[in-house]
Amino acid sequence: MKEYKPSLLFKNAHINTIFPTFFRKIEVKYQREKIFLNNFDFLNFDWIKNGNKRIIILCHGLEGSSNSHYIKAFAKYFSERNWDVLALNYRSCDGEISASPFYYVSGKGDEIEIALKYTAAYDEIVLIGFSLGANKILHYLGNEDIQNKKIKGAFVVSPPCDLHGSSLMMIKKSNKFYSDFFLKQLKNKVLKKEEKYPKIFNSFGISLEKVLNTKNLIDFDNEFTAKLNGFKNADEYYIKNSSLYTLNKIKINTLILTAMDDPMMSESCYPREKVKLNPFLNLQTPKYGGHVSYASFTKEYWLENYAYDYIENNIIKKDKA
């Protein structure tokens, strides 16, 4: 597979990262299935079913959804090449407000576990994740005793393996655009749920006023995410949900792809030494690519081409050898 060689414009990491969000338009037709859980909770799964015996499970990033441009790009590309597709929507990422106080967690892999139960009829399963979703997959694979032999491998893009390190990157002035964008969305979700279900967060010791006054993502995680999920503070939440600390336990063929110019990744998010010690892991670090992007002016991006080629030749064929 040829390396990613961007035009001069896309050698700027921020332009590369932002461009597809605003200019890449992809249409896919999903079949939605609502999965009802306990405690007034639910998940919405979006499928593309073509009668294939193999499936990819797509896990989106922070404040993304099955409609994120990169999810739709992969769904379209793989579904046209003899794969069925299951695109996840984490809690609160499907446009609906549940009566449960809980949202998605950076490392918690229960959505993946549920998805695997619903894909049990398939012969071959590959997990594909982006950013936060990439960390969720790595965290899940490193923390669970995976007995499902149908999982042939994983392909993850721009995982913030060290959540503390990536959070420090996000509060830099150069990343203020991203931080403000995500923080606004997160606050709006909290406010909308509080308006629909008054005092829903009171029992967790959460002050709505303090949450809405937070200035960055670390403050938000201190005032909301950590308290909601039973952690002392954001630091404990980051440590417990970072895949960095359990990469050594992964026993499934996994590619980690993170561009060297990714503006949201700290040096600790490039786990070179840990990958060297685990034969199941492969770390690829292209010079350019931005964050979950690898943009171009072409209809298809390098990223889905590379992912498909790698999965077919380095995961599926290797498993059958």
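**Figure 1. E267 and R272 meet in a salt bridge.** E267 is exposed, with a relative accessible area of 55%. Its partner R272 counts as partly exposed, at 29% relative accessibility. The closest N and O atoms of E267 and R272 are 2.7 Å apart. This view, like those that follow, comes from a predicted model. A search of the whole structure finds 17 salt bridges.

**Figure 2. R91 forms a salt bridge with D41.** The closest N and O atoms of this pair are 2.6 Å apart. R91 lies in the loop between β4 (84-87) and α3 (110-118), and D41 lies in the loop between β1 (31-36) and β2 (42-48), so the pair ties together parts that are 50 residues apart in sequence. Are these two residues buried or exposed? R91 counts as buried, at 10% relative accessibility. D41 is buried too, with a relative accessible area of 7%. The two also belong to a network of salt bridges that links D41, R91, D110, E111 and K136.

**Figure 3. E312 and R54 join distant parts of the chain.** Their side chains meet in a salt bridge, at 2.9 Å from N to O. E312 sits in helix α11 (residues 302-320). R54 sits in strand β3 (residues 54-59). The two are 258 residues apart. Both E312 and R54 are buried.

**Figure 4. Y70 and F130 form one of the 29 aromatic pairs.** How is such a pair described? A pair of aromatic rings is described by the distance of the centres and the angle of the planes. The ring centres of Y70 and F130 are 4.8 Å apart and the planes are at 45°, so the pair is tilted. Y70 lies in helix α2 (residues 69-79) and F130 in strand β5 (residues 124-130), so the pair ties together parts that are 60 residues apart in sequence. Both residues are buried. Y70 and F130 are also members of one aromatic cluster, with F74, Y77, F78, W83 and Y308.

**Figure 5. F177 and Y178 make an edge-to-face pair.** Their ring centres are 5.8 Å apart and their planes are at 80°, so the pair is edge-to-face. F177 is partly exposed, with a relative accessible area of 45%. Y178 counts as buried, at 5% relative accessibility.

**Figure 6. R24 and K136 each lie over the face of a tyrosine ring.** R24 lies over Y301, at 3.5 Å from the ring centre. K136 lies over Y90, at 5.0 Å from the ring centre. K136 also appears in the salt-bridge network with D41, R91, D110 and E111.

Conventions:
Residues are numbered from 1 along each chain as its sequence is written. This is a predicted model: local features need pLDDT of at least 70, side-chain atom pairs count only at pLDDT 80 or more; totals for chains, interfaces and linings use all residues. Side-chain values use heavy atoms; hydrogens and water are left out. Rings of Phe, Tyr and Trp (its six-membered ring) pair if their centres lie within 6.5 Å; planes under 30 degrees apart count as stacked, over 60 as edge-to-face and the rest as tilted. Helices (H or I, at least four residues) and strands (E, at least two) are DSSP runs, numbered from the N terminus. Buried means under 20% relative accessible area, exposed over 50%, partly exposed in between (1.4 Å probe, protein chains only). A charge sits over a ring if NZ of Lys or CZ of Arg is within 6 Å of the ring centre and within 35 degrees of the ring normal. A salt bridge is a side-chain nitrogen of Lys or Arg within 4 Å of a carboxyl oxygen of Asp or Glu.
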